[in-house]
Amino acid sequence: MAIPYPHFISSEKAAVEAGLLVPSSPSSSLSPPVILTQDDLKKIAAYKAVEYVESGMVLGLGTGSTAKHAVDRIGDLLRQGKLKNIVGIPTSKKTHEQAVSLGIPLSDLDSHPTLDLAIDGADEVDPFLNLVKGRGGSLLREKMVEGACKKFIVIVDESKLVNYLGGSGLAMPVEIIPFCWKFTAARLQNLFEESGCDARLRTFGGKDEPFVTDNGNYIVDLYFKKSIGDLKVASDAILQLAGVVEHGMFLDMATTVIIAGELGITIKNK
C-alpha cells in the first residue's frame with residue numbers, strides 16, 4: 001500500500017528522522033506529496049514513539065515489523081550518545097537477537113519486575129484502545145512484559161483500526177499446549193459458535209508442520225464472522241479452558257496509541 005502523505009502535522013520530526021521527509025524551511029516552495037508505503041508509515045509511528053524514551057529507562061522491546069523500527073531507533077540513539085543507561089526487556093527471541101546486534105543492554109522481568117515503558121505494534125486497535133496482538137506468535141511474552149509497564153505505547157498504521165476486536169476478519173491468536181491440540185481447538189471454536197468462529201492451527205511456512213512459539217507451544221487462530229460481544233467475558237471464558245496458555249486480546253493495557261495515516265500522526269491516550 002502506498003499513499004500520499006502531504007500533511008505531517010506533529011509527525012514531521014519523526015518523518016525527517018526516519019529519512020522519509022526533507023526538513024521544511026520558510027523559503028522552500030510547495031513540494032509535491034511524498035508517496036509512502038505502509039512500512040514507511042510504521043517507521044514514522046515507531047520513531048514518534050521513541051521520542052517518549054528517556055535515558056535511564058527500563059524498556060519493553062516489542063516484536064514485529066513495526067516494533068522492529070522502534071528497536072532500531074533506540075539502538076541508533078544509544079550509539080549516538082543521545083540515550084544512555086537504557087535496559088531493554090525483549091518480548092521474543094527474535095527481538096533479543098536484534099537488540100544484541102544493536103548493542104542494547106538487556107535484562108529480564110526477574111531482575112526488573114516493573115518497567116518504565118514498552119513500545120510495540122498491534123494487529124488490531126478498537127475505539128477503546130483494546131488490542132489484538134500475537135499474529136507474529138509472541139503474544140505470551142508480549143503480554144507478560146507489557147503488563148508490567150507503567151506506560152505502554154502502541155504503534156500502528158491506520159489499517160489496523162477496527163470497530164471491534166476481530167473486525168478485520170484476520171486471526172485472533174490463542175497460545176495452547178501441544179497436548180491434544182485438536183481437542184482444545186474444538187472447544188475454542190464451540191465457545192464462539194454464535195460469532196461464526198473458525199479455529200485453525202497455525203502452521204509454519206505454508207506447510208503442515210505446526211508453528212511453535214518461543215515457549216514450545218502451538219497457536220490456534222480464531223476467525224470471527226461477527227463480534228464476540230463482551231471482551232472481558234470472552235477473555236475469561238478462553239482462559240478457563242484447560243490447555244489454553246494465553247490469548248491475543250490485550251484489554252485495557254495500552255496507555256497511548258500512535259497511528260500513522262494519510263494526514264499524519266494521530267495520538268490517542270487512555
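**Cavities, cores and one helix face**

User: How much space lies in the largest cavity?
Analyst: This is a predicted model, where local features need pLDDT of at least 70 and side-chain atom pairs count only at pLDDT 80 or more, while totals for chains, interfaces and linings use all residues. Residues are numbered from 1 along each chain as its sequence is written, and side-chain values use heavy atoms, with hydrogens and water left out. A cavity is a set of points on a 1 Å grid over the protein atoms alone where a 1.4 Å probe fits but cannot get out, and a volume is the space filled by probe spheres set on points joined across faces, edges and corners. By that reckoning, the largest cavity holds about 50 Å³.

User: Which element supplies the largest share of its lining?
Analyst: Lining residues have an atom within 4 Å of a point, and here they include Gly60, Ala67, Ile74 and Ile119. Helices (H or I, at least four residues) and strands (E, at least two) are DSSP runs, numbered from the N terminus. Strand S3 (58–61), helix H3 (65–80) and strand S5 (115–120) each give at least two residues. The largest share, four residues, comes from H3.

User: How many charged residues line the second largest cavity?
Analyst: This cavity has a volume of about 40 Å³, and its lining includes Arg141, Glu175 and Asp214. Asp, Glu, Lys and Arg count as charged; Ala, Val, Leu, Ile, Met, Phe, Trp, Tyr, Cys and Pro are nonpolar, and the others, Gly among them, are polar. The lining divides into two nonpolar, four polar and, as charged residues, three.

User: Which helix gives the most to the lining of the second largest pocket?
Analyst: A pocket is an open set of points with protein on both sides within 12 Å along at least five of seven lines, and this one has about 280 Å³ of space. Of its 18 lining residues, the closest to the centre are Thr63, Ser92, Lys94, Gly136 and Ser138. H3 and helix H4 (93–102) are the elements that give two or more. The most, four residues, comes from H4.

User: Which element gives the most residues to the largest nonpolar core?
Analyst: A nonpolar core joins buried Ala, Val, Leu, Ile, Met, Phe, Trp, Tyr and Cys residues through side-chain atoms within 4.5 Å, buried being under 20% relative accessible area with a 1.4 Å probe, protein chains only. The largest has 27 residues, and Val53, Leu59, Ile74, Ile119 and Ile155 have the most contacts inside it. Elements giving two or more residues include S3, H3, S5 and strand S8 (149–157). The top contributor, with six residues, is helix H2.

User: Why do the buried residues of H6 line one face of the helix?
Analyst: In helix H6 (residues 181–191), the buried residues are Thr184, Ala185 and Leu188. The arc is that of the directions from the helix axis to the C-beta atoms. Seen down the axis of H6, the buried residues line one face because they fall within an arc of 100°.

User: Which residues are exposed on the other side of H6?
Analyst: The buried residues of H6 pack, with heavy atoms within 4.5 Å as the contact rule, against elements including strand S9 (172–176) and helix H7 (231–239). Exposed means over 50% relative accessible area, and partly exposed lies in between. On the other side of H6, the exposed residues are Lys182, Phe183 and Asn190.
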